[in-house]
Amino acid sequence: MTLVPGKQQIRFIIKPIVFVLAMLPLALLCLRIFNIYGSGLGPNPIETVQDYLGIWGLRFILISLAITPAAWLIKKPWPIRLRRMLGLFAFTYCLLHFLAWLILDQSLDISAIISDVIKRPFITLGTLALLLLIPLAVTSTKGWQIRLGARWANLHRLVYPAAILICWHYYWQVKLDTIDALLYCAVLAALLGVRLWKRRRL
Amino acid sequence: MLIRVKQKSTPAPSEIASEAEYQNRRSFIRSMGFVGASTLLGGTACAQENPPETRSLGPLLKSQYSTDQTVNSYADVTQYNNFYEFGTGKEDPYEYSGQFKPLPWSVRIEGAADITGDFSYEDIIQSHALEERIYRMRCVEAWSMVIPWVGIPLADVLKRFKPTSNAKYVSFETVYRPSQMPGQRRPILDWPYREGLTIEEAMNPLTILAVGVFGKSLPNQNGAPLRLVVPWKYGFKSIKSINKIGFTETQPATTWNDAGAYEYGFYANVNPEVDHPRWSQARERRIGGGLFDAKQPTLMFNGYADEVAGLYSGLDLQRNF
Ligand code: HEM
């Protein structure tokens, strides 16, 4: 690729486009919530909303993790400039998935929530993953990046264990047909594997 | 009971176009996040455009066993199903069961009975009066519905074959037709699907052989033409599209128990006190509610304890789950 977008192009063209695209799943969910075009949420709307937000949370985690390898691939650093926004979208979808569980599925029933987090291993894993993501979202700003200096990059490596926990969380809640979950696990394995491979060669 | 039969009328071309457009938009919006590999691997079966007409079943007897709880909508009952023979997604049975031919049908009766052999659907059903049974249905996945089944007591059917004193259990098998059942082309479960009951459970007056829902014959996705309904057990016990019934002396192998004995027992009685290893069974989501509906508590034996608790006196239900 010879085309290298300049700073202004990234800021005023590419970023807004990516923003709109990343909002699209949420917008479509709103269409379904209000049953526009008869799209609806089906007979089990709570499960539909929760699963939809969860899968998009995972997808954006994987998209965020794909940015660095993409930059290596095209040997240009500019995609890195999209990483923060994509990471924050990932966090937003994950948080909404959690809130859907908390408010819609559990109706904020505190005792049921605590017992589920402790007793259900796949929910424990999801909770751990979300807890790992919170400091990353909080320290995603330029200010924190400067304040933390070299430690910032180390802190943000927490996304790797978080992503592993999320895939495990997904895999574990499937009743029987795990093929979709395994495909997402395979994509994550590839994205982490390529980092290890790169390190070896340095 | 009067049942209105849908008028067959040819839609105007403009109606067809708008319906197709509507479906396209709908499926695009829905597919954002829902078409997974399992759906794609389901085979080449095309989506169900015109579900085969179901037949009206005529006058039905009322039953003392029917609940007066609000019945789920026809859409809930026919578009949210677990029937892995047509795919593992909840909408797959509705979408991919259009190729299935439920009639003509024959059922093999075998094992410890005086009368065995192959019997047609009509042989099995014709001499019985059809009843409406409005039952709660509780899935092992912690959701539930209220469904107006049409059927006959299983006991009345089984007695006609004169089971012998060796008949301690009854086994059931779903038809194996991968050409018409795309889910069977993947080895998700050990096909054909098998289920079983003790003879006492099979003879309990709550247990029915269902042939319809909402006063009409069963749609394919609900287990046409003939299925079991055992309302105090998790839904997977209520085996669909049955083409084999056997009387056995020993406990028959059952599909979900084979797939994971630690998670799915032979009895599979609804029990709020025995959790599935990966989720709680204490509460359930009643299908058909809105986004802010709370779960409701699950009842012992799905609320049928008066009728069936006696079957299990002396049995440790924590261990025999
Ligand atoms: C941190 C990021 C998280 C991601 C990316 C994520 C992702 C997912 C995914 C992909 C699924 C499967 C959806 C499907 O079956 O199609 C799922 C299911 C589920 N998640 Fe999460 N999850 C996260 C955190 C959490 C947390 C914190 C909780 C609760 C404490 C939670 C509770 C659940 C539950 C209850 C289900 C099963 C829903 C059902 O029954 O269908 N998740 N999640």
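This report walks through the ligand shell, the nonpolar cores and one edge of strand pairing in a predicted model.

## Around the ligand

Let's start with the ligand, which has 22 residues around it. Those that come nearest are Asp51(A), Gly54(A), Gly57(A), Cys94(A) and Gly126(A). Four elements of chain A, namely α2 (45-74), α3 (83-105), α5 (121-138) and α8 (159-173), give two or more residues each to this shell.

The top contributor is α2(A), with seven residues. Sorted by class, the shell holds 12 nonpolar, eight polar and two charged residues.

## Two nonpolar cores

In soluble globular proteins, nonpolar side chains tend to be buried together. Here, the largest nonpolar core has 57 residues, and the members touching the most others are Ile147(B), Trp149(B), Val170(B), Leu209(B) and Ala210(B). Elements of chain B that each supply at least two residues of this core include β1 (106-111), β4 (143-153), α6 (154-159) and β7 (208-213). The most come from β4(B), which gives seven.

For a closer look, take Ala210(B): beyond its neighbours within four places in sequence, Ala210(B) contacts Trp149(B), Val150(B), Gly151(B), Leu218(B), Arg227(B) and Val229(B). There is also a second, separate core of 36 residues, with Phe60(A), Phe89(A), Tyr93(A) and Ala163(A) among them.

## Strand β11 and its partners

Strand β11(B) spans residues 283-286. Its covered face carries Glu284(B) and Arg286(B), while Arg283(B) and Arg285(B) are on the uncovered one.

This strand runs parallel to β4(B), joined by two bridges, and Arg285(B) of β11(B) has Trp143(B) opposite. With β12(B), residues 296-297, β11(B) pairs in the antiparallel sense, again over two bridges. There, Arg283(B) stands opposite Pro297(B).

Methods:
Residues are numbered from 1 along each chain as its sequence is written. Chains are lettered from A and ligands numbered from 1 in the order in which they are written. This is a predicted model: local features need pLDDT of at least 70, side-chain atom pairs count only at pLDDT 80 or more; totals for chains, interfaces and linings use all residues. A residue is near a molecule or strand if its C-beta atom, placed from the backbone, lies within 6 Å of it. Ala, Val, Leu, Ile, Met, Phe, Trp, Tyr, Cys and Pro count as nonpolar, Asp, Glu, Lys and Arg as charged, and the others, Gly among them, as polar. A nonpolar core is a set of buried Ala, Val, Leu, Ile, Met, Phe, Trp, Tyr and Cys residues joined through C-beta atoms within 7 Å. A residue is buried if 20 or more other C-beta atoms lie within 10 Å of its own, exposed if 12 or fewer, and partly exposed in between; C-beta atoms are placed from the backbone. Two residues are in contact if their C-beta atoms, placed from the backbone, lie within 7 Å. Two strands pair if DSSP finds at least two bridges between them.
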